[in-house]
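Colleague: I am new to this structure and would like a close look at a single part of it. Could you choose one strand and take me through its surroundings step by step?

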Amino acid sequence: MRLASLLTVTAALLSLAAVAAAPAAIAAPPTTRTVTQLSGDLDVHDPALVTDGPGGKWYVFASGKPDKGGGTIDVRSSADHGRTWTYAGTIWDAMPAWLRETVPGANNMWAPAVHEHGGTYFLYYAVSTIGHNDSVIGLATNTTLDPADPAYKWVDQGKVVRSLPASDFNAIDPEVVEDATGTPWLVFGSYWSGVQMVQLQWPSGKRSADPTRTHLLDRKIPLNAVEGPSMISHGGWYYLFSSWDRCCVGLKSTYRIVVGRSKSITGPYLDRDGKALTDGGGTTVLASIGHQIGPGGQSIAGGMLAYHYSDGNAGGLSRLGMRSLTWSADGWPQLGAGLPKARL
């Protein structure tokens with residue numbers, strides 16, 4: 001679960017920050033296509049979407065729940081291109097002992113990211129506690145996503161990045177992206193000094209020998225309510241998406257998805273108005289609309305953007321949402337109203 005959902009004591013400050021710094025939105029384009037709503041098990045926080053899984057299935061990995069699988073990462077699958085979702089269990093039956101020893105009091109794993117490289121699936125996740133940056137990003141690997149495959153087994157690979165109370169950053173909400181040369185990078189961060197990036201290496205998927213930590217995004221207002229970064233490349237640009245404001249408090253959620261872009265993977269990232277994301281810039285892609293309140297915790301795969309939202313038709317319960325992702329003539333992301341019927 002993202003840190004924002006846990007900072008209820010800061011609600012008043014966050015509300016003021018959202019009003020003071022809300023950037024212009026990219027409007028969803030008009031569409032005449034019929035869209036299909038999602039159904040099945042949609043009880044998801046922080047979805048990591050995979051659209052090219054074994055057997056053509058789609059998968060969503062999500063933050064764990066303390067009462068399921070010992071708080072380890074939740075998994076759901078879809079056999080009809082994202083329309084219907086079925087619960088597929090958790091990656092383990094319990095959190096590895098080193099996680100509980102590293103972060104005392106932690107009872108679940110947060111905000112996964114899944115990246116395939118060389119026939120191996122790399123699953124990054126975070127472990128932390130309420131409102132603290134005593135946190136760790138860990139890694140598990142598998143050669144398949146299909147639980148029915150005899151080779152299916154998530155192997156614990158240990159720590160990737162650690163933050164401590166004295167750190168100026170928070171090691172949660174990981175995402176992995178490869179640059180044009182195939183070099184992998186880990187994007188992460190929540191509150192504190194905002195979004196960070198470090199270089200990884202193959203085949204381990206762990207941090208490289210380069211000690212550089214690059215600062216990519218900072219709102220420059222209290223409480224720096226930004227988290228959940230995700231990144232993709234398109235048309236010679238790298239796009240950095242993030243979730244801003246207050247998450248996961250039902251009908252009071254103010255989460256929204258914001259974007260900037262850069263020609264270099266390490267930045268600087270600018271919004272549509274040319275303002276640097278390290279100086280409070282950011283262009284809103286998706287905010288509350290209709291019964292979908294506080295969308296965020298996003299991931300992108302196969303031309304689809306997956307996110308969670310608080311359902312205004314269900315008392316604010318968390319739900320999985322998806323929208324098709326297209327691009328404007330000047331290269332900025334646009335979102336459709338849901339799943340295009342043509343994909344089903």
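Modeller: What follows is a look at one strand and its neighbours, with a short view of the whole before and some aromatic contacts after. The model is a predicted one, and the protein in it has 2 helices and 23 strands. Of its 344 residues, 58% count as buried, and among the contacts between residues at least 6 apart in sequence, 54% join residues at least 24 apart.

The part I would choose is strand β5, which covers residues 74-78; 5 of its 5 residues are buried, so the strand is largely enclosed by the rest of the structure. In a regular strand the side chains alternate between the two faces of the sheet. In β5, Asp74, Arg76 and Ser78 point one way while Val75 and Ser77 point the other way, and all of these residues are buried. The cut-off behind that word is a relative accessible area under 20%.

Strand β5 has neighbours with which it pairs, and I take them in turn. With strand β4, residues 58-62, β5 pairs in the antiparallel sense over 5 bridges, and within this pairing Ser77 of β5 is the bridge partner of Tyr59. With strand β6, residues 84-90, β5 also runs antiparallel, and here 3 bridges join the two; Arg76 has Tyr87 of β6 as its bridge partner. The hairpin of β5 and β6 has 5 residues between the strands, and in that hairpin His81 takes a positive phi near 55°.

The two tyrosines named above also lead on to ring contacts. Tyr59, the bridge partner of Ser77, forms one aromatic cluster together with Phe61 and Trp154. Tyr87, the bridge partner of Arg76, has the charged end of Lys68 sitting over its ring, 4.5 Å from the ring centre. Elsewhere, the charged end of Arg261 sits over the ring of Trp237, 3.9 Å from its centre.

To set these rings in the wider picture, a search of the whole structure finds 7 aromatic pairs. One of them is formed by Phe169 and Phe188, whose ring centres are 5.9 Å apart and whose planes stand at 65°, so the pair is edge-to-face. Because Phe169 lies in the loop between β10 and β11 and Phe188 in strand β12, this pair ties together parts that are 19 residues apart in sequence. Phe169 counts as buried at 9% relative accessibility, and Phe188 is buried as well, with a relative accessible area of 0%.

How values were computed. Residues are numbered from 1 along each chain as its sequence is written. This is a predicted model: local features need pLDDT of at least 70, side-chain atom pairs count only at pLDDT 80 or more; totals for chains, interfaces and linings use all residues. Side-chain values use heavy atoms; hydrogens and water are left out. Helices (H or I, at least four residues) and strands (E, at least two) are DSSP runs, numbered from the N terminus. Buried means under 20% relative accessible area, exposed over 50%, partly exposed in between (1.4 Å probe, protein chains only). Contact means heavy atoms within 4.5 Å. Two strands pair if DSSP finds at least two bridges between them. Rings of Phe, Tyr and Trp (its six-membered ring) pair if their centres lie within 6.5 Å; planes under 30 degrees apart count as stacked, over 60 as edge-to-face and the rest as tilted. A charge sits over a ring if NZ of Lys or CZ of Arg is within 6 Å of the ring centre and within 35 degrees of the ring normal.
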